[in-house]
Amino acid sequence: MTRRLFITLMVLIAGISLAGQEVVTGLTGNSLLTDPATKASGKPGKGIADTLELPFLDDFSYAGHYPDTILWTDRNLFINNTFSSDQISWGLATFDLLDEAGRLYANADTWVFKADILTSKPININLLPSDSLFLSFLYQPGGMGDLPEEGDSLTLQFWSPETASWHHIWKAEGGEPHPFRSIIIPIVQTHFLKKGFRLRFTAYGSLSESTADPAMKTSGDNWNIDYVWLDRDRNSADTIYHDVAITLPLRSLLKTHESMPMKHFRQVVLNEMGSAIPVTYRNNDTITRNVTRMFDIKNLNTGETVHTSDATAVNTDSMSVVSYDAPLFFSYSTTGSDTVDYRVRSWLITDEFDRKANDTLFYIQQFGNVFSFDDGSAEAGYGINGLGSRNAMVAYRFRAWVPDSLRAIEICFNDSYLNSNQRSFDLAVWNNNAGVPGDMIYVMEEVMVEQGEGINGFHTYILDDPVYIDNVFFIGWRQRSETFLNAGFDFNTPHGGRQYYWLNNDWYQSQMNGTLMIRAVTGPRIPATGVENISLQPQEITLWPNPVRDIMNIATGDQLSGPLTIVIYDMTGRIVYTGEYRQSVDVSSLRPGVYVLVTSRGRVPVARNRFIKAG
């Protein structure tokens, strides 16, 4: 690779001779796929015959993050509506270097390797060349993700039932960004025109090699595809989809937040409640089409539809994109429960022959105990790295509209190549100093980077003691090393001047266009449960002697059966030892000092212990 930092925006701090810098880089994991709640998501498959019948059509407009199992056999691609902004219908399939679980492929390398594959189920095309069978699809390199570069590629192959082999048909090379392009391919070779035909897209890419920090060796190499359509009685000019479809995702109806606690919303209803429901749709036809825009809002706690907009019908010009703000004379109810979800629905009424799956979108507006500004989907990783960044700080501004208690901080950390971002850092809270972070009013030292197992991959760091908040406050971290921590970064929600970083004794407003995926949890005390409870209980692992000079003995508690791994960190967060669990470890080569031993089952930390290496 000749260059690689994913959309890589790097801002060198003016007047600083050190190399510390604010960086946005490509993903090395997908929290939406590592989240167990999404493992079974995707369009559910049903029992089908041994082959599919024509037409074969998928525009990826369905819930879930995996391809439709009725049509496809692979689950490696990420189905989403956030990795592009110029799709012709909502939903697209994104290729990257991550597997089904949202982790880097085991064979990931800086050399080009085979990554995501999307293979159709067998299709019955027992036809003649005169039946005019064509395959069409749209493709886009990069989008809002990482642009594939020279050497990277997306290929298409056809399976011949007659020769029982795959045949190369088409290839796109990386290097140049462009909007979605339409490809249409005739299928006239008789050895393809058989029952059992299949098609297969394959992405080839490589990890970044532009940095020595393995935490910044990124996935990226994104390709988006949409509207895969195989049918007979077509021609080479048949690239029009004769369809009206919603394109961009629905967003929060609040002016600034994606979610916030109801008791705070009650104080700022007039300022925070939006005055419109925005929807973007596209007429993909060559003729003017009449479109009726519909909206409603349902209280999911009670099941009551609390708002319905008046239907508005308009004529929409061919090949045009419409961004419409439906007037909203409504406010979420501020009475009753402090925890309530509202479902916002937007849908179109179009001609009967239209594809209906892409005419409806939903958004869940949450009022619980969390302040958030991100949409829950990371398109990149954020951090500070380089010489001079050991004590760098990152802070995000929030505001409490009534006095409250900050109980926890949620952060979405991306998976990292060789787990190299799993370092210790200090979790911090600052008060306000004229709009920028002021005094550090709380610090939890030496917490570890951990990928979340909860919804959207956020890990919840429960504070030892509540922090009183009233008006503006900041949450974030202070680094203990120069390693890139790789926190989730959302390109679809601009931070609006709320994000700051500290280097060389000064705070700077972030120059990155997006939002750090960090959230403030307020309200009553949060009990420590699940992984958090286990991971903070050193009695699950016993170390002796402590202090230790040469051989450290390790014994596990009853709850820690099964294959385990151990990693030892120094106080800067640098990994000094890693390996499978064993009952004794030689630490004689370590320098005298304090160390942290983290025991993990699979990729999940389950215990953490400190020990002293004696001189």
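Visitor: Which residues does Thr-247 touch, not counting residues up to four places away in sequence?

Guide: Thr-247 touches Asn-81, Gln-87, Ile-88, Ser-89, Trp-90, Thr-280, Tyr-281 and Arg-282, where contact means heavy atoms within 4.5 Å. This is a predicted model, in which local features need pLDDT of at least 70 and side-chain atom pairs count only at pLDDT 80 or more, while totals for chains, interfaces and linings use all residues. Residues are numbered from 1 along each chain as its sequence is written, and side-chain values use heavy atoms, with hydrogens and water left out.

Visitor: Why is Thr-247 called buried?

Guide: Thr-247, in the loop between strand E14 and helix H2 (262-265), has a relative accessible area of 3%; buried means under 20%, exposed over 50% and partly exposed in between, with a 1.4 Å probe and protein chains only, so Thr-247 counts as buried. By that rule, buried residues make up 57% of the 615 residues in the protein.

Visitor: What makes Gly-102 count as buried, and where is Gly-102 found?

Guide: Gly-102 has a relative accessible area of 0%, and is therefore buried; Gly-102 belongs to the loop between strand E5 (92-95) and strand E6 (113-119). From C-alpha to C-alpha, Gly-102 and Asn-76 are 8.2 Å apart in space, although 26 residues separate them in sequence.

Visitor: Why is the pair of Phe-56 and Trp-72 called edge-to-face?

Guide: Phe, Tyr and Trp rings (for Trp, the six-membered ring) pair if their centres lie within 6.5 Å, and planes under 30 degrees apart count as stacked, over 60 as edge-to-face and the rest as tilted. The rings of Phe-56 and Trp-72 lie 5.2 Å apart, centre to centre, with 90° between the planes, which fits the edge-to-face class. Phe-56 is in strand E3 (residues 56-58) and Trp-72 in the loop between E3 and strand E4 (78-80), so the pair ties together parts that are 16 residues apart in sequence. Phe-56, at 1% relative accessibility, counts as buried, and Trp-72 counts as buried at 2%. The count of aromatic pairs comes to 33, and ring pairs also link Phe-137, Tyr-139, Trp-170, Phe-201 and Trp-223 into a cluster.

Visitor: What makes Arg-293 a charge over the ring of Tyr-324?

Guide: The rule asks for NZ of Lys or CZ of Arg within 6 Å of the ring centre and within 35 degrees of the ring normal; Arg-293 lies over the face of Tyr-324, at 3.6 Å from the ring centre. The charged end of Arg-498 likewise sits over the ring of Phe-373, 4.1 Å from its centre.

Visitor: Why are strands E14 and E19 said to stand at the edges?

Guide: Strands E14, E15 and E19 form an open sheet in that order, with antiparallel pairing; strands are DSSP runs of E, at least two residues long, and helices are runs of H or I, at least four, numbered from the N terminus. Strand E14 (244-246) and strand E19 (321-327) each have a single partner strand, so one side of each is left without a neighbour in the sheet. Two strands pair if DSSP finds at least two bridges between them, and seven bridges join E15 (residues 276-283) to E19; one of the partnerships sets Ile-277 against Ala-326 in E19.
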